[in-house]
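Explain how this structure is put together, taking the reader through it in running paragraphs. Cover the aromatic pairs, the helix packing, the charged contacts and the surface.

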Amino acid sequence: MADTASGSYGNGGSSNDADDIEFPILCETCLGDNPYVRMTKEKLGKECKICSRAFTIFRWLPGRGMRYKKTEICPTCAKLKNVCQTCILDLEHGLPVQVRDSMLGMQDEVPREESNRRDYLAKMANRLEVLGDPLDFSGKTQPAGRGALQRMARKSPYYKRNRAHVCSFFVKGQCTRGSECPYRHEMPDGDPELAKQNIVDRYHGNNDPVARRMLARSRKSENTLTAPADKSITSLFVTGMDGLAQADLLGHFGAYGELKSVAVVPKGNCAFVNFKSRAGAEAAAAAALGGCVIKEKPVRLAWAKPRPKGPESEVAARAGGKASSGGHQRHELPNGIPLPPGAQKDRKPAAYPSQDPTAQGAAASRGS
């Protein structure tokens with residue numbers, strides 16, 4: 001206990017001043033939206049929940065109506081995993097450690113045994129002082145995994161996470177504090193399995209229920225890139241192409257098969273890649289299951305959807321509608337959508353293709 005109280009490593013190690021910092025390592029969500037936040041600081045006021053060493057703790061109120069928060073792990077352990085000292089989530093993406101390590105192919109190297117963990121932390125602390133960050137958590141060497149993390153990460157801080165906890169006495173119907181109760185008086189919603197979280201498991205990226213759900217959702221979204229049954233579809237839809245040009249798409253997708261054309265839509269930040277054969281489109285889609293990266297920029301792929309062609313009668317027939325015995329159309333739009341009340345009466349078919357609102361422009365111009 002003498003080593004723990006003094007904040008030293010090993011049996012005869014000297015005290016480490018790296019844990020006595022002026023400001024904690026926090027994510028934007030835990031810090032809160034209050035620009036005038038005040039913190040209380042207590043030197044060597046608590047043991048780290050990972051390495052059991054005493055460190056300087058901070059306590060603050062992130063905002064109005066929120067609960068008080070405090071640091072849970074020491075700065076050294078936070079730097080080794082690039083996580084927040086309070087929520088133990090990745091600082092760059094705001095995701096659990098298990099999700100980040102799975103996407104970037106990283107392994108947890110921190111020993112679980114206390115004696116080995118002390119030696120490891122002592123070496124890594126010295127390495128932090130000399131070299132700075134020992135590991136690269138940005139994902140520059142894994143662009144596909146980095147793209148997946150960017151898609152899973154939130155675009156803005158989630159301050160709702162700082163709310164007060166639900167009052168357990170209110171759930172039981174036994175709370176007598178009323179409006180003076182510092183906890184929320186509402187019934188808990190969501191999966192109770194997500195509440196069974198452990199800081200140690202979250203830090204090591206092991207058995208994290210939140211991470212398991214996010215990874216399962218990510219795998220499900222990746223499996224949606226299945227080839228459609230319509231063999232005539234040979235086009236892929238590309239989104240998220242920030243700064244990419246048509247030549248970049250031609251060079252990337254041309255390796256999977258001969259291309260018919262590449263249509264870029266600058267306003268929509270998307271493009272259509274049209275292959276001459278179905279095999280080329282399927283090869284490109286299969287290669288993008290783990291993430292598609294073009295010029296070190298992650299993009300998303302999806303199969304293009306077929307566009308309706310021909311006059312209204314063909315569109316209605318393709319959607320399952322049939323003309324009535326009198327020669328008039330059924331009173332519904334494609335996909336079974338009924339017509340407006342004023343258009344329910346029988347009407348004659350269009351005399352010219354240019355009068356048919358469902359006909360494409362090229363066919364209408366030829367007919368007129």
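**Aromatic pairs and their surroundings**

Phe272 has a relative accessible area of 32%, which makes it partly exposed. This comes from a predicted model. Phe272 belongs to one of the two aromatic pairs that the structure holds. Its partner is Phe237: the ring centres are 4.9 Å apart and the planes meet at 40 degrees, so the pair is classed as tilted. An angle under 30 degrees would have counted as stacked and one over 60 as edge-to-face. Because Phe237 sits in strand 4 and Phe272 in strand 6, the pair ties together parts that are 35 residues apart in sequence. Phe237 is also partly exposed, at 26% relative accessibility.

The other pair is formed by Phe253 and Phe275, with 6.4 Å from centre to centre and 85 degrees between the planes, an edge-to-face arrangement. This pair, too, links distant parts of the chain, with Phe253 in helix 10 and Phe275 in strand 6, 22 residues apart. Here both Phe253 and Phe275 are buried.

**Packing of helix 11**

Which elements do the buried residues of helix 11 pack against? They pack against strand 4 (235-239), helix 10 (246-253), strand 6 (270-275) and strand 8 (297-303). Strand 4, helix 10 and strand 6 have already appeared as the elements that carry the aromatic residues.

Helix 11 covers residues 278-287, and its buried residues are Arg278, Gly280, Ala281, Ala284 and Ala285. Viewed down the helix axis, these residues fall within an arc of 165 degrees, so they line one face of helix 11. The general geometry of an α-helix bears on this pattern: with 3.6 residues a turn, residues three or four places apart point the same way.

**Charged contacts**

A search of the whole structure gives nine salt bridges. One of them joins the side chains of Glu72 and Lys70, at 3.6 Å from N to O. Glu72 has a relative accessible area of 10% and is therefore buried, whereas Lys70 is partly exposed at 34%. This bridge is part of something wider, since Lys46, Lys49, Lys70 and Glu72 are linked in a network of salt bridges.

A second example is the bridge between Glu186 and Arg184, whose side chains meet at 3.1 Å, N to O. Arg184 is buried, with a relative accessible area of 19%; the cut-off for that class is under 20%. Glu186 is partly exposed, at 32%.

What of the burial of Arg100 and Asp101: are they buried or exposed? Both are buried. Arg100 and Asp101 form a salt bridge in which the closest N and O atoms are 3.2 Å apart.

**Strand 1 and a nonpolar patch**

Strand 1 runs over residues 39-47 and includes Gly45. With a relative accessibility of 30%, Gly45 counts as partly exposed. Once neighbours within four places in sequence are left aside, Gly45 is in contact with Phe55 and Ile57. Gly45 and Ile57 are twelve residues apart along the sequence, and their C-alpha atoms lie 5.9 Å apart in space.

On the surface, Phe170, Val171 and Met187 make a nonpolar patch of about 250 Å². Phe170 lies in helix 7, which spans residues 168-172. Its relative accessibility is 30%, so Phe170 counts as partly exposed.

**The chain as a whole**

The preceding elements can now be placed in the full chain. Its secondary structure comes to 13 helices and eight strands. Of the 368 residues in the chain, 36% are buried. The accessible surface comes to about 22,100 Å², and carbon and sulfur atoms account for 51% of that surface.

How much of the contact set joins residues at least 24 apart in sequence? Among contacts between residues at least 6 apart, the share is 57%. The aromatic pair of Phe237 and Phe272, whose residues are 35 apart in sequence, gives one example of a link between separated parts of the chain.

Terms used:
Residues numbered from 1 in each chain as written. Predicted model: local features only at pLDDT ≥ 70, side-chain atom pairs only at ≥ 80, totals over all residues. Heavy atoms only, no water. Buried < 20%, exposed > 50% of the residue type's maximum accessible area, 1.4 Å probe, protein only. Helix = DSSP H or I, 4+ residues; strand = E, 2+ residues; numbered from the N terminus. Arc of directions from axis to C-beta. Contact = heavy atoms within 4.5 Å. Salt bridge = Lys/Arg side-chain N within 4 Å of Asp/Glu carboxyl O. Patch = residues over 30% accessible without salt bridge, like charges linked within 9 Å, V, L, I, M, F, W, Y side chains within 5 Å. Areas by Shrake-Rupley, 256 points an atom, 1.4 Å probe, with all protein chains shown as cover. Phe/Tyr/Trp six-rings, centres within 6.5 Å; stacked < 30°, edge-to-face > 60°.
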